[in-house]
Structure formats: structure tokens, C-alpha cells
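Dear colleague,

I am handing over the structure below, and I would be glad if you could read it alongside the notes that follow. They deal with charged side chains and how they pair or gather.

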Amino acid sequence: MKKYLIILSLFLGLSACSEDFLTKAPLDSINTENYFETEEDAIYAINGAYQPLQWPKLYNMRMWTTDIMAGNSIVGAGGGDDGRETQDLANFVTTADNPGVLDLFRGPSPGILRCNVVIQNVPGMNIDEELKERIVAEAKFLRAHYYFIMVRFFGDVPLILKPQEPGDNLRPSRTDKEEVYQQIISDLVDARNVLPAKSEYSDADIGRATRGAAAGLLAKVYLTRGEWQKVVELCDEVATLGYELNDNYADNFNVANENSQESLFEVQYVGGAGEDFWSNENQASWLSTFTGPRNSGMVAGGWGWNQPTQEFVDAYEDGDLRKDATVLYDGCPAFDGMEYDPAYSVTGYNLRKFLVPKSIADAYDNSPLNFPVLRYADVLLMKAEALNELGRTSEAETPLNEVRNRAGLEDVQSGLTKEEFRDKVLHERRMELAFEGQRWFDIIRIDNGQWGLDFLHSIGRVNASEKHLLLPIPQKEIDTNPNLRQNPGY
């Protein structure tokens, strides 16, 4: 699907007829009256609904920086005020005028709008019925994904399920999070019932939402809500769809192995498609540039963000093969023929996981490396956690050990209590999914967030309190829409 995303996903800026379909138009205006006529129109529209995932407000920056907030790393970067908004989030001194919070609140909205446009218009089109149903199912998967991001960060959020028009209430109140979750579940169930399996897509469409992605994301929703039996059933369903762990953990972050047998869903990026970073038209990944060691010359760019802490590095068990694939440290294997100097970093460590050699990305704005949103390893760990919570701890050892063994580790000790096993799973999730934007959501969902607060306090993040389990509603949004109420404590 990458080639479609480069050319076709500018849906909001496309005209219906068009030799010059790359001509850009304002992204806040949609003319649907004469647009939804052909199969190509419908495909352009759904491609546009994927595109906001690529932007810096979501997976090109803000989502992975939540690992800094979760205690795995520090901003690092250039010091001083560089990344001040992320520093404030990580130090739990966040206020309602934090630009990073504004990004996370606004980031999903264009995607939700585009999904709503598809869901409203495509069903009435006179096109192939199977294609029509698939496109609507993709839109429902994506809408659920966008709202799942929002509800976990902010709690109650406005739930908008159709394109707003003149005369509609343009200042909606926040919808109770339970209603938002029920809509997320409904969308994912619908998507799961219609979407093709990954193996049923042509090569040109690899990267689109699949039945496995919908089932996996639905399992993650139920995990967040503590509905354990449903998690187990959905994880078992994913296992029937052909997913397997890659033999080599590092292959999950290798340009040559994107959308692999382990991948349920990735944000698709392309080389040679860079724009100004903050531009919504940028379609190359900037993660290698952001996290490459500063002033090292190891990758194109190299801004030194997301430096792992000593506490995080010490959490690796002896022999864990994931360490060398995730972290640059003194004496680690060379990267692209270059030795690492711990002086490149404030903590002595840099992130290795998403670095792309200059032979692949020779400029700071053209990395093609996808971002992993959901992997089969995550599914196995969700199943292990859910089985344990159901009191089936001995059964839970099997999926947990599958992940551990791939990492070169021995089986987990048998006979652990439910509480001890839960801690083992959360530790494994931390090391397996490190810097993939999962850790924050994991620590705040356990024991109504108290588990996360206890952890943060134990590593010195003593400012973290109950109010920080949700982000503030941005003040700019409240100023524009006084019907939005602020989260408690801000």
C-alpha cells in the first residue's frame, strides 16, 4: 500500500477528475458532492484516512515519546528547552497549554473525519460490493484506532460519528468514556467480521487493516478494560490467521522485513517522501533522525532523542538478545560499521531500535522504516496476562515463554502466584515492546493506575499523581469550545 499512500492519500486535497491529482488544496475543506463515483474515488478516500497516522502528532513523534513519560528514557536531545513539552510531560508538571498535549488531542481528529466521510459516502456507491464492504471496514478499524488513542489519553472525549455540516453542533461536549469504548468495540467487531486476512491481500495492498489487526486491536481494548476471557478468545483467533514470531527480534525493525509474519499492523512510511517535518504531507519516518546519537554521524540527522535510562538498561536479564537490538551502549555491537561512544548521550545510552543506515536513508527526512503498532509478540503477552488473571497461571506460561525463548531467555519459573506472574508479564511487555509507544498505556491500566504511579515513584518520578493518569484537555480547545470541561486537577 505504500505506493498508494505517496500518491493517492491526499484525499482531502483531491478533485474528482484529475490529471493533476498532486495539486494540493486546503486540508480543511471537503467537496463530496461529485466525488464518490468510482472505485478509484473510494480507494483514494480510504487511503487518506490512514495518512494522519504518519504525522508527527501521532506516530512520527508523539506516540513514541510516551515511553519517555513512562520512565524508559529521557528526552536527551540538545538539552535546555529542546523538547520542553516532552520534558514537562515526563516530569509531571504538565499544564493545559502544553504543545505536546495539544498534538495528541488534535492528532486523531483528521483521521476520524476522513473515516466518517468514507463510512457515510461509500455504502451508497455503485461499485463492486466486496470492495465497498472492505473499504468501510477499513474505515471502522481506523476510526476505532483513533478513538482508542484519544480515550486512553484523555478519558471522556467528544464522540463524532458523521461529518459535521453547517447547522450541526460544532461545540460538542465530551462523551462518557464508556460510550466511546462501546463505539470502539462496535467498530472493531464490524471490521473483524468483514476485513480480509493478511494473506488474502495482494502485494500492492499489504499494509491495509486486516482481520488479524482488527482482532488484535480488539483484544488490546478488552485488555485495557480487564475483560480477560474475551482477550484469550481473540488472541486465539489471531493465532489461527498465520501469524508467527520472527526468528530474529531485530527483524521487526528492519526495512527489508516490513509487514512481516509477526506484524499485525504498521504505520507505513516511504523513503524519498520527506517534506518539512511538521507538514501533514510528510510521509517519510523521522524516527531514525530523532533518535540517532547526536553529533555522531551514525545516521542521517541524529538529534539524540529518547535516551534510555540506566534503570531501564539494568532491567534486561543476562543473555537477553533484545538488548543489542534496542540499545546502543559502551561495547555494544557496531552499528553500520561504527562503534558507539557513550559520550554521545546524557545517560550513556542511545536508542538503536529504529536507526536506519545511511545506505538506506541518506538524508534526515527520507527514512522508509515503518512503525510497528501491533505485533504477534504483543498478542502472546496479552494472552499470557489474561490467562493469569483468569487464574490459569500454569497455562499462561506457554505464550510468555514463547516470547522469552525468542529473546534467548529460559522459561519463566513455574509455580508463581498470580501477582508474581503479573509482574513477570509486565516486565516482559516492557522489554519486548520498549519504545514502541506501549509502556505508558500498560502502566496506567493496572490497578486503576496505582501500579504505574508506584513504579514511577520508585524511579524518582515523584511528581506523578492520580491526575496525571489522564492528560489535560488543551486550553486552546476549551477556549474554542467552552462545552469541553477540564480533567480533574488541571
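Let me begin with one residue: Lys132 is buried, at a relative accessible area of 9%, where buried stands for under 20%, exposed for over 50% and partly exposed for what lies in between, using a 1.4 Å probe and protein chains only. Please keep in mind that this is a predicted model, in which local features need pLDDT of at least 70 and side-chain atom pairs count only at pLDDT 80 or more, while totals for chains, interfaces and linings use all residues. Residues are numbered from 1 along each chain as its sequence is written, and side-chain values use heavy atoms, with hydrogens and water left out.

The partner of Lys132 is Glu129, with which Lys132 forms a salt bridge whose closest N and O atoms are 3.5 Å apart; the term stands for a side-chain nitrogen of Lys or Arg within 4 Å of a carboxyl oxygen of Asp or Glu. Glu129 is partly exposed, with a relative accessible area of 44%. The two residues are three apart in helix 7, and therefore about one helical turn separates them; helices here are DSSP runs of H or I with at least four residues, numbered from the N terminus.

A similar description fits Arg445 and Asp442, a salt bridge with its closest N and O atoms 3.1 Å apart. These residues also sit three apart in helix 17 (residues 439–445), about one helical turn from each other, and both count as buried, Arg445 at 14% relative accessibility and Asp442 at 5%.

Arg406 and Glu432 form a further salt bridge, the closest N and O atoms being 3.0 Å apart. This pair links distant parts of the chain, with Arg406 in helix 15 (residues 393–406) and Glu432 in helix 16 (residues 418–432), 26 residues apart. Arg406 is buried at 11% relative accessibility, and Glu432 is buried at 0%.

For the whole structure, a search finds 39 salt bridges.

Finally, there is a patch of negative charge on the surface, where Glu39, Glu40, Asp128, Glu130 and Glu133 gather; such a patch takes residues with over 30% relative accessible area and no salt bridge, like charges being joined within 9 Å. Helix 2 (39–50) and helix 7 (129–154) each supply at least two of its residues. Glu39 lies in helix 2 and, at 33% relative accessibility, counts as partly exposed.

With best wishes

Terms used:
Patches are made of residues with over 30% relative accessible area and no salt bridge: like charges are joined within 9 Å, nonpolar side chains (Val, Leu, Ile, Met, Phe, Trp, Tyr) within 5 Å. Accessible areas come from the Shrake-Rupley method with a 1.4 Å probe; for residues, only the protein chains shown count as cover. Lys and Arg count as positive and Asp and Glu as negative; His and the chain ends are not counted. The place of a charge is taken as NZ of Lys, CZ of Arg, CG of Asp or CD of Glu.
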